[in-house]
Amino acid sequence: KEDVEVIDELTNIYVQTNQPEKLRKIADEKIKAIKNKDEMPHFLKSEIIETRKRLVNAFTRLKDYASAVAQQIEIINTDPDAEEG
């Protein structure tokens, strides 16, 4: 489940088949797997933020705006000092 391409494909399938609950499940598993890696925190932060950005897009396509906003809030909480570019 850590392979980005597989996650992206599953995300597309779950969006196309309108299955937000399955998308939430793989998203949670992916973020937990990232947090359990033995890497420098900076790289972890970037990977988590990129994963969450993809989820914002996916949940928006599903019209699950509450979940998209929740992911955006998590992005802000992960790196509150970052500036949007």
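The conversation below concerns a predicted model and looks at its helices, salt bridges and nonpolar core.

Visitor: Where should we start? Which residues of H2 are buried?

Guide: In helix H2, the buried residues are Pro20, Leu23, Ile26, Ala27, Lys30, Ile31, Ala33 and Ile34. They cover an arc of only 155 degrees around the axis, which puts them on the same side of H2.

Visitor: Why would residues some places apart point the same way?

Guide: An α-helix has 3.6 residues a turn, so residues three or four places apart point the same way.

Visitor: And what is exposed on the other side of H2?

Guide: On that side, Lys25, Lys32 and Lys35 are exposed.

Visitor: What covers the buried residues of H2?

Guide: The cover includes H1, H3 and H4.

Visitor: How far apart are the end C-alpha atoms of H2?

Guide: They are 22 Å apart. H2 has 16 residues, and at 1.5 Å a residue it should span 22 Å, so the expected span and the model agree.

Visitor: Let us change topic. How many salt bridges does the structure hold?

Guide: It holds four salt bridges. One of them joins the side chains of Arg54 and Asp8, with 3.0 Å from N to O. This pair links distant parts of the chain, since Arg54 is in helix H3 (residues 41-61) and Asp8 is in helix H1, 46 residues apart.

Visitor: How accessible are Arg54 and Asp8?

Guide: Arg54 counts as partly exposed because its relative accessibility is 28%. Asp8 also counts as partly exposed, at 27% relative accessibility.

Visitor: Which residue forms a salt bridge with Arg24?

Guide: The partner of Arg24 is Asp64, and their closest N and O atoms are 2.5 Å apart. Arg24 lies in helix H2 (residues 20-35) and Asp64 in the loop between H3 and helix H4 (65-78), so the pair ties together parts that are 40 residues apart in sequence.

Visitor: Is Asp64 buried or exposed?

Guide: Asp64 is buried, because its relative accessible area is 14% and the cut-off for buried is under 20%. Arg24, by contrast, is partly exposed, with a relative accessible area of 33%.

Visitor: What about Lys30, which was in the list for H2?

Guide: Lys30 forms a salt bridge with Glu47, and the closest N and O atoms are 3.5 Å apart. Lys30 lies in helix H2 and Glu47 in helix H3, so this bridge ties together parts that are 17 residues apart in sequence. The relative accessible area of Lys30 is 2%, which means that this residue is buried.

Visitor: Now the interior. How many residues are in the largest nonpolar core?

Guide: That core has 15 residues, and those with the most contacts inside it are Leu23, Ile26, Leu55, Phe59 and Leu62. H1, H2, H3 and H4 are the elements that give two or more residues to the core. H3 gives the most, with five residues.

Visitor: Where do nonpolar side chains tend to be in soluble globular proteins?

Guide: In such proteins, nonpolar side chains tend to be buried together.

Visitor: What does Leu55 touch?

Guide: Not counting residues up to four places away in sequence, Leu55 touches Leu23, Ala27, Ile31 and Gln71.

Visitor: One last residue, Thr11. Where does it lie, and is it buried or exposed?

Guide: Thr11 lies in helix H1, which covers residues 4-16. Thr11 counts as buried because its relative accessibility is 8%. Leaving aside neighbours within four places in sequence, Thr11 is in contact with Leu23, Ile26 and Ala58.

Technical notes:
Residues are numbered from 1 along each chain as its sequence is written. This is a predicted model: local features need pLDDT of at least 70, side-chain atom pairs count only at pLDDT 80 or more; totals for chains, interfaces and linings use all residues. Side-chain values use heavy atoms; hydrogens and water are left out. Helices (H or I, at least four residues) and strands (E, at least two) are DSSP runs, numbered from the N terminus. Buried means under 20% relative accessible area, exposed over 50%, partly exposed in between (1.4 Å probe, protein chains only). Contact means heavy atoms within 4.5 Å. The expected span of a helix is 1.5 Å times one less than its number of residues. The arc is that of the directions from the helix axis to the C-beta atoms. A nonpolar core is a set of buried Ala, Val, Leu, Ile, Met, Phe, Trp, Tyr and Cys residues joined through side-chain atoms within 4.5 Å.
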